[in-house]
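Here is a short tour for a newcomer. Look at the strands before anything else, then move outward to the loops and the pocket.

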Amino acid sequence: MDKVKKAALICAVGAAAILNLIYSLYHVSDEQKFYRYSSQAMYHEGFYEEGRYPDLFLRVLVRDKKVVVPRKIKTYDMYSSYGRDEEEGNPFDKNYLIENDYIRYFQSYAGEFKTDTSLPQMDETAELFRDSGEFTSLGIANDLLRYSFPLNHEEVQQARGFWYYWYYHHFADKEPDRPESYPQIFVCMDGISEADTLAALWDENENLYLMAEDKCLR
């Protein structure tokens, strides 16, 4: 390549780099919001108003508290689809994720963790709390659930990221224009900051209800 071609190539690359930089400066706010280091935290106050990253709010909320859940973890060999991976359609029991994902989440991130099987179970939770008017929605739970697979250490393929992504992406895609059809994270704010122990309950659609323990025992 002669000097003229080299110079032309260098100029073209330089021009492309400059144009890309100019574009990025004008449009970076459309891609990613930035926050001042003095006010940045794991859960930024603006996220609540926008219904974004509710799982980060939970991380901050429960890290110094005891969280009580109504059931123990069931391993995959306790479900009907265990050992049937070679069958047509590779059957999968979605209850494996529905029943256990929140348990693994709080077991990993709460300051303390406890199981109390006397608390309301999944089939009771929605009826008890859905229309109580005491809960605030923090947003949808799909990302929390979809990316919780690293908390599952079972040595089965259904514990891997592909299965989590497949199930929760498929679930969310059923009605993408209706956010209310996604699993939601609901928090009863009354007394939750002062409470030492919180109860984490969820229904059969994976709507999570988090509250001070005494709220679900009254």
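Phe186 has its bridge partner in strand E6, and that partner is Tyr209. The model is a predicted one. Phe186 sits in strand E4, residues 184-187. Next to Phe186, Ile185 pairs as well: its bridge partner in E6 is Leu208. E4 and E6 (residues 208-212) run in the parallel sense, with three bridges between them.

E4 has another partner, strand E3 (residues 136-140). Here the strands run antiparallel, and four bridges join them. Thr136 of E3 has Val187 as its bridge partner in E4.

Which way do the residues of E4 point? Gln184 and Phe186 point one way, Ile185 and Val187 the other. Residues on both sides are buried.

E6 also pairs with strand E5 (197-202). This pairing is antiparallel and has five bridges. In it, Leu201 stands opposite Tyr209 of E6. Tyr209 is also the bridge partner of Phe186. E6 is mostly covered, with five of its five residues buried.

The three pairings compare as follows.

| Strands | Sense | Bridges |
|---|---|---|
| E3 and E4 | antiparallel | four |
| E4 and E6 | parallel | three |
| E5 and E6 | antiparallel | five |

**The hairpin turn**

E5 and E6 form a hairpin, and five residues lie between them. Glu206 is in that turn. Its phi is near 65°, a positive value in a residue that is not glycine. Is Glu206 buried or exposed? Glu206 counts as buried because its relative accessible area is 2%, under the 20% cut-off.

**A buried loop residue**

Gln158 also lies in a loop, this one between helix H6 (142-146) and helix H7 (161-173). Gln158 has a relative accessibility of 1%, so it counts as buried. What does Gln158 touch, beyond its neighbours within four places in sequence? Its contacts are Tyr76, Asp85, Phe92, Tyr96, Leu97, Trp163 and Tyr164.

**The largest pocket**

The largest pocket holds about 300 Å³ of space. Its lining has 17 residues. Nearest its centre lie Asp55, Leu56, Asp143, Leu144 and Tyr147.

Several elements build this lining. Helix H3 (54-62), helix H4 (95-109), E3 and H6 each supply at least two residues. H3 gives the largest share, four residues. E3, which lines the pocket, is also the strand joined to E4 by four bridges. By type, the lining divides into ten nonpolar, three polar and four charged residues.

**The whole chain**

Now step back to the overall layout. The protein has seven helices and six strands. From the N terminus, the order is α-α-α-β-α-β-α-β-α-α-β-β-β.

How much of the protein is buried? Of its 218 residues, 40% are buried. The exposed surface comes to about 13,400 Å², and carbon and sulfur atoms supply 52% of that area. Contacts reach far along the sequence too. Among contacts with a separation of 6 or more, 68% join residues 24 or more positions apart.

Terms used: Residues numbered from 1 in each chain as written. Predicted model: local features only at pLDDT ≥ 70, side-chain atom pairs only at ≥ 80, totals over all residues. Heavy atoms only, no water. Buried < 20%, exposed > 50% of the residue type's maximum accessible area, 1.4 Å probe, protein only. Pairing = 2+ DSSP bridges. Contact = heavy atoms within 4.5 Å. Areas by Shrake-Rupley, 256 points an atom, 1.4 Å probe, with all protein chains shown as cover. 1 Å grid on protein atoms, 1.4 Å probe; cavity = no way out; pocket = protein on both sides within 12 Å on 5 of 7 lines; lining within 4 Å. Points joined across faces, edges and corners; volume = space filled by probe spheres on them. Nonpolar A, V, L, I, M, F, W, Y, C, P; charged D, E, K, R; others polar.
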